[in-house]
Amino acid sequence: MTQLREIFRKYRPKLRRVGGAVRALLKEFEPRDIDFATTTNVYEMKNIFYKKNIYMINLKGQKYDTITVHINNKNFEITTLRIQKRLEDATDPSMWQTNDSKRDLTVNAMFLDFNGTLYDFFNGYNDLLQTRVVFVDDGFSRITEAYLRILRYFHFCCRLAEAFKL
């Protein structure tokens with residue numbers, strides 16, 4: 001992961017941990033896998049990784065703006081922020097919040113940078129501490145966007161909630 005961090009520092013796009021890795025680190029567990037979000041697009045990432053001779057796997061993820069790289073016998077998924085603005089405007093902090101507003105659950109809508117700063121626009125950390133499973137914004141809207149989210153909701157209830165505080 002250090003190599004990945006240094007590559008992104010050199011080329012200047014922002015890179016933050018997201019999802020399950022953030023939850024694990026906040027609960028002081030070792031994450032099983034680490035996913036990242038970035039302000040750079042798939043084509044720029046591919047160019048960077050080609051230059052650095054870093055092996056990319058599962059290139060089918062490109063259609064979802066995701067690249068999976070293999071570094072030191074570990075796979076890392078890196079996904080471009082889901083925003084409408086141009087990525088060249090990467091200095092705008094609202095891009096990260098806009099991306100998070102498209103996520104399903106508050107405990108999935110947190111970023112952690114390499115300095116240990118938590119970006120939590122939807123109170124996911126508090127929900128994690130309270131073992132609550134809560135949709136970002138309106139639950140009905142989140143579910144109708146993708147019906148699979150109802151299954152993810154119950155999956156997280158079983159994994160995170162001690163006493164089903166729904």
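**View 1. Arg 149 and the residues it contacts, leaving aside its neighbours within four places in sequence.** Arg 149 is in contact with Lys 102, Arg 103, Asp 104, Phe 135, Arg 142 and Ile 143, once neighbours within four places in sequence are left aside; contact means heavy atoms within 4.5 Å. Please keep in mind that this is a predicted model, in which local features need pLDDT of at least 70 and side-chain atom pairs count only at pLDDT 80 or more, while totals for chains, interfaces and linings use all residues. Residues are numbered from 1 along each chain as its sequence is written, and side-chain values use heavy atoms, with hydrogens and water left out. Is Arg 149 buried or exposed? Arg 149 counts as buried because its relative accessibility is 14%; buried means under 20% relative accessible area, exposed over 50%, and partly exposed in between, with a 1.4 Å probe and protein chains only. Arg 149 belongs to helix H7, the subject of the next view.

**View 2. Helix H7, with its buried and exposed sides.** Helices (H or I, at least four residues) and strands (E, at least two) are DSSP runs, numbered from the N terminus. Along with Arg 149, the buried residues of H7 are Tyr 153, Phe 156 and Cys 157. These buried residues cover an arc of only 105° around the axis, so they sit on the same side of H7; the arc is that of the directions from the helix axis to the C-beta atoms. An α-helix has 3.6 residues a turn, so residues three or four places apart point the same way. Look at the other side of H7 and you will find Leu 148, Leu 151 and Cys 158 exposed. Helix H2 (20–26) and helix H6 (139–145) are among the elements that cover the buried residues of H7. The length of the helix can be checked too: at 1.5 Å a residue, the 13 residues of H7 (residues 148–160) should span 18 Å, and the end C-alpha atoms are 18 Å apart, which agrees. That expected span is 1.5 Å times one less than the number of residues in the helix.

**View 3. The largest nonpolar core, with 19 residues.** A nonpolar core is a set of buried Ala, Val, Leu, Ile, Met, Phe, Trp, Tyr and Cys residues joined through side-chain atoms within 4.5 Å. Which members of the largest core touch the most other members? They are Leu 4, Phe 8, Phe 36, Phe 49, Val 69 and Ile 78. At least two residues of this core come from each of helix H1 (2–11), strand E2 (34–38), helix H3 (42–51), strand E4 (66–71) and strand E5 (74–80). H3 provides the largest share, four residues. To follow one member, start at Phe 49: leaving aside neighbours within four places in sequence, Phe 49 is in contact with Leu 4, Phe 8, Ile 54, Met 56, Ile 67, Val 69 and Ile 78. There is also a second, separate core of twelve residues, which includes Val 22, Met 110, Phe 135 and Phe 156. In soluble globular proteins, nonpolar side chains tend to be buried together.

**View 4. Helix H3, from its buried residues to its ends.** The buried residues of H3 are Val 42, Met 45, Lys 46, Ile 48 and Phe 49. Their arc around the axis is only 165°, which puts them on the same side of H3. H1, E2, strand E3 (55–57), E4 and E5 are among the elements covering these buried residues. Turned away from the buried side is a face with the exposed residues Tyr 43, Tyr 50 and Lys 51. At the start of H3, a side-chain oxygen of Asn 41 comes to within 3.0 Å of the backbone nitrogen of Tyr 43. Just after H3, Asn 53 has a positive phi of about 55°.

**View 5. Two loop residues with positive phi, Asn 53 and Glu 28.** Most residues other than glycine have a negative phi, and most peptide bonds are trans. Asn 53, in the loop between H3 and E3, is not a glycine, yet its phi is positive. Asn 53 counts as exposed because its relative accessibility is 71%. Glu 28, in the loop between H2 and E2, is not a glycine either and takes a positive phi of about 65°. With 73% relative accessibility, Glu 28 also counts as exposed.

**View 6. Ala 21 in helix H2.** Ala 21 counts as buried because its relative accessibility is 1%. Not counting residues up to four places away in sequence, Ala 21 touches Pro 31, Asp 33, Ile 34 and Asp 35. The C-alpha atoms of Ala 21 and Asp 35 are separated by 6.8 Å, with the two residues 14 apart along the chain.

Definitions and conventions: A polar contact is a pair of N or O atoms within 3.5 Å; within protein, one must be able to donate a hydrogen and the other to accept it, and residues adjacent in sequence count only if both atoms are side-chain atoms.
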